[in-house]
Amino acid sequence: MSEILSSLTAPSWFAQPGARTWTCTPAPADVQGFHAALPGYTPTPLTELPSLADELNVGRVFVKDESCRLGLPAFKALGASWAVHRTLAERAGTHEADSQEADGQVTLVTATDGNHGRAVARMARMLGQRAHVFVPQGVHPAAAAAIAAEEARVTEVAGNYDEAVRRAAAAVDATPGAVLIQDTAWPGYERIPGWIVEGYATLFAEIDAQLAAVEAGTPDLVAIPVGVGSLAQAAVTHYRSGGDGAAPAALLSVEPDSAAGVLTSLTRQAPVTVTTGETTMAGLNCGTPSTLAWPYLRDGLDAAIAVTDADSARAADDLAALGVPSGPCGAASLAGVRAALTGDGAPTRRAALSLGPAATLVLLSTEGTAANPHHRENLS
């Protein structure tokens, strides 16, 4: 990914035909059972919002509310818990603990815009391990403080998310008994990011069961907020590996217009890095798609769209009024479907997504208001 571009060079919309015919292998079957055995596990709500269905001229709209996932205000605990579990089990099985520090502890290292780092720190504290979390410039002090409250060491980086990832990887090389638990992949570092993606399978299994319970069937569209693309990869994996005969869902990725790395890459049909600006959608402020996610995004996403901070703020306020506490990243999914399904050019975009007036939409609200201090500061 040597080419570095401005996010502003990308269009605000991209669609590709044929994504729903692409197939891949499913996630491991034992992920949901692992999560179900964790203390405090319960499926997060899937809330139907008829007023949004009326606004968007579709049949039904559901919001998957990740404002409280395993005691944390975002979905990230699913991927972090499974990856940490697999990592520690593998190290114990290969007797690598014998070469660790004298007290036998492992230091779990990661970089984060907030939620992933806190989830890794929480798992480290629960399992009696150490955590060292690198946060880029622009992460709110309250978000960094929440990570530190999990008894993690926090290092602030004078740079963007990609620089924080580089610093975290370098710290692992210099720290005995350290392992990188990162949700973005690059050549030579893909197994642990793959476990993080697998962990998100539980979210989609819950959606299947919840839709079945209200006789809603398979969704016609799923909207996914995107940072480096790991959650979108999990969505593609789930909806492109069904084989149950149901029509596959259309998948729409949503990014900030100031950090549209996936949209820019899809437009150019090659993974690129974009320079990122400031955005209240802190968890989506990532300029480089994960190399592990990229083939899934390239071949399995139907469309990608970029939205503004103002779009996201309006969506968050509207969701709050409807009883769903959503931070800017979570509300991006609503902002994205509004941008796709309304306004100039909407008929063409709706046709690209094969959406009629009876369609069922699922919007992933990936964080609650407690996850993002920027949201609380911008309420007025």
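**Note on the predicted model**

1. Phe-62 stands opposite Val-362 in β13. This is a predicted model, and the points below should be read as such. The pair belongs to a longer register: six bridges join strand β4 (residues 60-65) to strand β13 (residues 360-365). β4 and β13 run parallel.

2. Now the sheet as a whole. Seven strands make it up, and it is open. Their order is β2-β12-β10-β9-β13-β4-β3. The pairing is mixed. At the edges sit β2 (13-15) and β3 (46-48), each paired on one side only. From one strand to the next, the twist averages 20°.

3. One helix to check against the sheet is α13 (residues 328-341), which packs on it. Helix α13 touches β2, β9 (221-225), β10 (250-256), β12 (303-307) and β13. The direction of α13 makes about 145° with that of β13.

4. Next, a helix pair. Two packed helices are described by the angle between their axes and the distance between the axes. Helix α3 (residues 77-93) and helix α4 (residues 115-126) pack at an angle of about 45°. Their axes are 8 Å apart. Angles from 35 to 65 degrees fall in the oblique class, so α3 and α4 are oblique to each other. The crossing of α3 past α4 is right-handed. On the α3 side, Ala-77, Ala-80, Ser-81 and Val-84 make the contact. On the α4 side, Ala-119, Val-120 and Met-123 do.

5. How many disulfides does the count come to? Zero. A disulfide is a covalent bond between the sulfur atoms of two cysteines. The cut-off for the sulfur pair is 2.5 Å. For Cys-286, the closest cysteine sulfur is in Cys-329, 8.8 Å away, so it is too far for a bond.

6. Is Cys-286 buried or exposed? Buried counts as under 20% relative accessible area. Cys-286 has 4% relative accessibility, so it is buried. Cys-24, at 17%, also counts as buried.

7. Last, Gln-32. This residue lies in helix α1 (residues 31-36). Its relative accessibility is 33%, so Gln-32 counts as partly exposed. Beyond its neighbours within four places in sequence, Gln-32 is in contact with Tyr-41, Thr-202, Ala-205 and Glu-206. The C-alpha atoms of Gln-32 and Leu-203 are separated by 8.6 Å. Along the chain, Gln-32 and Leu-203 are 171 residues apart.

Technical notes
Residues are numbered from 1 along each chain as its sequence is written. This is a predicted model: local features need pLDDT of at least 70, side-chain atom pairs count only at pLDDT 80 or more; totals for chains, interfaces and linings use all residues. Side-chain values use heavy atoms; hydrogens and water are left out. Buried means under 20% relative accessible area, exposed over 50%, partly exposed in between (1.4 Å probe, protein chains only). Helices (H or I, at least four residues) and strands (E, at least two) are DSSP runs, numbered from the N terminus. Contact means heavy atoms within 4.5 Å. Two strands pair if DSSP finds at least two bridges between them. Axes are lines fitted to C-alpha atoms, for helices over the stretch in contact, and angles run from 0 to 180 degrees between N-to-C directions. Angles under 35 degrees count as roughly parallel, over 145 as roughly antiparallel, 65 to 115 as roughly perpendicular and the rest as oblique. A crossing is left-handed if the near helix is turned anticlockwise from the far one by less than a right angle, and right-handed if clockwise.
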